[in-house]
Structures are given as C-alpha cells and as structure tokens.
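Visitor: Could you take me through one part of this molecule at close range? I would like to look at the sheet and what packs against it.

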Amino acid sequence: MYKVFTRTWWKKNTSDGWPNGLEPHMGRRRILTTVHSEEEARRICKQWNAENPEGLLSRRAEYMDA
C-alpha cells in the first residue's frame, strides 16, 4: 500500500536574508489517495505533476509506504 500526497517545499518569508522572499519548508501532507502498487503511485504522481503547475511554493505530488 502507498499513500499519494501533495505538499509544498517553500514558505513565504519576507524578512531580510531570504532570497526571493522564500524559506525552505516541507509543508503538511495532503493525501490524494491510497493505492496498492508502487507503479500506480508513480503513475498518479507523474500525471498530477504534469497537470498541475508547481507554483511559487513548489507544490508537488509524492508517495510513501502506507
């Protein structure tokens, strides 16, 4: 079993010292679905990432063992 989820990799920080107003930060996981095979998890992540621009905070789909 694998959990497929999205999360961001940056957060806004406008204080001095952070280039482009962004600070590295792993955001909270937002579960999309649970699947039985790693191949299916990879396929869902690849499709989600292709259809959804990552945006300013770099939201990407990932998976992990459930």
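Guide: Happy to; here is a walk from the strands to the helix and then to the side chains between them.

Please keep in mind that this is a predicted model. The sheet is open and has 3 strands in the order S4-S1-S5, with antiparallel pairing. Strand S4 (30–35) and strand S5 (60–65) stand at the edges with a single partner strand each, so one side of each has no neighbour in the sheet. From one strand to the next, the twist averages 25°.

Look next at how strand S1 (residues 2–7) meets S5: the two run antiparallel and are joined by 6 bridges. Within that pairing, Phe 5 stands opposite Glu 62 in S5. Phe 5 also has a charged companion, as Arg 29 lies over the face of its ring, 5.3 Å from the ring centre.

Now bring in the helix. H1 (residues 38–51) lies across S1, S4 and S5, and runs at about 165° to S5. As background, nonpolar side chains in soluble globular proteins tend to be buried together. Here the largest nonpolar core has 8 residues in all: Tyr 2, Val 4, Val 35, Ala 41, Ile 44, Cys 45, Trp 48 and Ala 61. S1 and H1 are the elements that give two or more residues to this core, and the largest share, 4 residues, comes from H1.

Ala 41 is a good place to pause. Setting aside neighbours within four places in sequence, Ala 41 is in contact with Tyr 2, Val 4, Val 35 and Tyr 63. Two of those partners, Tyr 2 and Tyr 63, also meet each other through their rings. The ring centres are 5.9 Å apart and the planes stand at 80°, so the pair is edge-to-face. The count of aromatic pairs comes to 1. This pair links distant parts of the chain, with Tyr 2 in strand S1 and Tyr 63 in strand S5, 61 residues apart.

The two tyrosines can also be set side by side for accessibility. Tyr 2 counts as buried because its relative accessibility is 16%, and the cut-off for buried is under 20%. Tyr 63, with a relative accessible area of 27%, is partly exposed. Tyr 2 is thus a good residue to finish on: Tyr 2 belongs to the largest nonpolar core, is in contact with Ala 41, and pairs edge-to-face with Tyr 63.

Technical notes:
Residues are numbered from 1 along each chain as its sequence is written. This is a predicted model: local features need pLDDT of at least 70, side-chain atom pairs count only at pLDDT 80 or more; totals for chains, interfaces and linings use all residues. Side-chain values use heavy atoms; hydrogens and water are left out. Two strands pair if DSSP finds at least two bridges between them. Axes are lines fitted to C-alpha atoms, for helices over the stretch in contact, and angles run from 0 to 180 degrees between N-to-C directions. Contact means heavy atoms within 4.5 Å. A nonpolar core is a set of buried Ala, Val, Leu, Ile, Met, Phe, Trp, Tyr and Cys residues joined through side-chain atoms within 4.5 Å. Buried means under 20% relative accessible area, exposed over 50%, partly exposed in between (1.4 Å probe, protein chains only). Rings of Phe, Tyr and Trp (its six-membered ring) pair if their centres lie within 6.5 Å; planes under 30 degrees apart count as stacked, over 60 as edge-to-face and the rest as tilted. A charge sits over a ring if NZ of Lys or CZ of Arg is within 6 Å of the ring centre and within 35 degrees of the ring normal.
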